[in-house]
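Work through the exercises below with the model open beside you. Each task is followed by a solution in steps.

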Amino acid sequence: MERPLLSNLRVKFYTRSFSLELYRQSARLYEADGIPCVRLTDQPADGYFFRMLADGDCDIAINVDEDAFVANLDAVLDLAEYVVAHGYANAGCADVSPACPRSGNPIVTNPFFNVFDLRLIRTLWRGEETVREIARFNYATHKEELLSRWKQADYLDHTPSSVTPEALDAIYVEPYYNFFFWLALHFDTLYLRGVRHADGFSTVLYGPGGKVLCMHSWMSRFYRQRPSETRRIDALIDEVCAARGLRRLSFTAAERRGFLRDKILRFLIRIPQRIARWPHKWMIWYKKFKLNLRP
């Protein structure tokens with residue numbers, strides 16, 4: 001399929017990654033046609049998006065978690081064309097989608113998969129100044145406008161009427177929430193359709209044309225740690241690979257030792273990052289505590 005708008009833009013895939021093994025399995029499913037692929041590691045939960053925006057060699061960012069396996073690359077690129085054609089800054093799956101195994105805020109799109117038009121976002125992006133603005137974002141101040149925009153947004157999944165009031169007060173679920181609130185306040189979002197996979201946990205995500213974009217396993221932090229999760233994730237990789245006419249990659253003993261070394265390095269880098277965030281986490285806990293005290 002021809003994509004005239006996309007053909008004139010610089011597109012990159014970005015993958016938030018902790019496991020080099022999963023990244024290798026995932027990246028091969030979208031490495032094609034010379035599109036650059038960037039493995040993002042050792043960043044805060046919202047720092048990945050700031051890295052994308054700082055990349056002056058990219059116009060359209062396709063953000064794919066390492067445990068979100070691309071089932072149809074053409075459908076993903078068609079979605080990117082659709083996003084550009086209709087003026088969306090973000091397309092993704094609402095964090096309270098029926099397909100998501102948790103209850104978050106429906107205004108936020110879960111970052112296991114997104115298409116971002118960085119050109120649009122950069123019209124309001126002022127680097128560190130905007131990062132600080134996002135960190136200070138007050139949901140209560142903007143809630144009415146956010147809800148108004150959310151109700152008028154384009155949906156391929158749930159409708160606003162199916163969302164509980166409690167979900168709309170979920171504002172401290174993840175550190176990246178403020179980024180998506182800020183994004184939803186200033187730009188248009190396309191909410192994609194997701195359904196629960198037959199394994200009872202994974203998410204199957206669809207594009208505007210009704211084709212499967214990717215299958216997201218969740219729980220990747222337990223890959224190679226919990227046998228049950230490892231088997232489920234491997235089965236999902238096998239399913240996607242079979243649909244693509246591929247086989248799941250197999251690795252040598254030397255490669256597996258390399259994966260282990262990389263995982264240890266990622267873990268060691270995370271320790272000071274986690275310690276540094278303890279004051280912030282305590283503040284979030286205290287805010288939640290105060291909200292629960294309200295009559």
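Contact here means heavy atoms within 4.5 Å. The model is a predicted one.

**Exercise 1. Overall makeup**

Task: State how many helices and strands the protein has, and what share of its residues count as buried.

Solution.
- Step 1. The secondary structure comes to ten helices and eleven strands.
- Step 2. The protein has 295 residues, and 50% of them count as buried.
- Step 3. Take the contacts with a separation of 6 or more: residues 24 or more positions apart account for 74% of them.

**Exercise 2. The seven-stranded sheet**

Task: Give the strand order of the sheet of seven strands, find its edge strands, and name the helix that lies across β1, β3, β5, β6 and β8.

Solution.
- Step 1. The order is β2-β1-β3-β6-β5-β8-β7. This sheet is open, and its pairing is mixed.
- Step 2. The edges are β2 (37–40) and β7 (154–155), each of which pairs on one side only.
- Step 3. Look at the β2 end. Strand β1 (residues 11–16) and β2 run parallel, joined by four bridges. Arg 16 has Leu 40 in β2 as its bridge partner.
- Step 4. Now add the helix. α3 (residues 73–86) lies across β1, β3 (60–64), β5 (90–94), β6 (109–117) and β8 (189–191). Helix α3 runs at about 60 degrees to β6.

**Exercise 3. The four-stranded sheet**

Task: Describe the sheet that holds β4, β11, β10 and β9, and explain why one side of each edge strand is left without a neighbour in the sheet.

Solution.
- Step 1. The four strands form an open sheet in the order β4-β11-β10-β9, with antiparallel pairing.
- Step 2. β4 (68–70) and β9 (193–196) stand at the edges. Each has a single partner strand, so one side of each lacks a neighbour in the sheet.
- Step 3. From one strand to the next, the twist averages 25 degrees.
- Step 4. Four bridges join β9 to β10 (residues 203–206), and the two run antiparallel. Here Arg 193 stands opposite Tyr 206 in β10.
- Step 5. Helix α8 (residues 227–243) packs on this sheet, touching β4 and β11 (212–216). The direction of α8 makes about 15 degrees with that of β4.

**Exercise 4. A residue of α8**

Task: Is Ile 233 buried or exposed? Which residues does Ile 233 touch, not counting residues up to four places away in sequence?

Solution.
- Step 1. Ile 233 is in helix α8.
- Step 2. The cut-off for buried is under 20% relative accessible area. Ile 233 has 0% relative accessibility, so it counts as buried.
- Step 3. With residues up to four places away set aside, Ile 233 touches Leu 22, Phe 69, Ser 217, Trp 218, Met 219, Ser 220 and Tyr 223.
- Step 4. Take Phe 69 from that list. Ile 233 and Phe 69 are 164 residues apart in sequence, yet 9.9 Å apart in space, C-alpha to C-alpha.

**Exercise 5. Helix α1**

Task: Why is α1 described as largely enclosed by the rest of the structure?

Solution.
- Step 1. Helix α1 covers residues 20–27, eight in number.
- Step 2. The buried ones are Glu 21, Leu 22, Tyr 23, Gln 25, Ser 26 and Ala 27.
- Step 3. Six of eight are buried, so the helix is largely enclosed.

**Exercise 6. Three polar or charged positions**

Task: Classify Asp 262, Thr 41 and Asp 169 by accessibility, and list their contacts beyond four places in sequence.

Solution.
- Step 1. Asp 262 is in helix α9 (residues 253–276). Its relative accessibility is 13%, so Asp 262 counts as buried. Asp 262 is in contact with Phe 18, Leu 20 and Arg 39.
- Step 2. Thr 41 is in the loop between β2 and α2 (47–54). At 17%, Thr 41 also counts as buried. Thr 41 touches Ser 17, Tyr 48 and Arg 266.
- Step 3. Asp 169 is in the loop between β7 and α7 (177–186). At 44%, Asp 169 counts as partly exposed. Asp 169 is in contact with Asn 105 and Lys 143. Asn 105 and Asp 169 are 64 residues apart in sequence and 7.1 Å apart in space, C-alpha to C-alpha.

**Exercise 7. The second largest pocket**

Task: What lines the second largest pocket, and which helix gives the most to the lining?

Solution.
- Step 1. The volume of this pocket is about 160 Å³.
- Step 2. The lining has 13 residues, with Arg 149, Ala 153, Phe 187, Asp 188 and Thr 189 nearest the centre.
- Step 3. The lining divides into seven nonpolar, three polar and three charged residues.
- Step 4. α6 (139–151) and β8 each supply at least two lining residues. α6 gives the most, with three.

Methods:
Residues are numbered from 1 along each chain as its sequence is written. This is a predicted model: local features need pLDDT of at least 70, side-chain atom pairs count only at pLDDT 80 or more; totals for chains, interfaces and linings use all residues. Side-chain values use heavy atoms; hydrogens and water are left out. Two strands pair if DSSP finds at least two bridges between them. Axes are lines fitted to C-alpha atoms, for helices over the stretch in contact, and angles run from 0 to 180 degrees between N-to-C directions. On a 1 Å grid over the protein atoms alone, a cavity is a set of points where a 1.4 Å probe fits but cannot get out, and a pocket is an open set with protein on both sides within 12 Å along at least five of seven lines; lining residues have an atom within 4 Å of a point. Grid points are joined across faces, edges and corners, and a volume is the space filled by probe spheres set on the points. Ala, Val, Leu, Ile, Met, Phe, Trp, Tyr, Cys and Pro count as nonpolar, Asp, Glu, Lys and Arg as charged, and the others, Gly among them, as polar. Buried means under 20% relative accessible area, exposed over 50%, partly exposed in between (1.4 Å probe, protein chains only).
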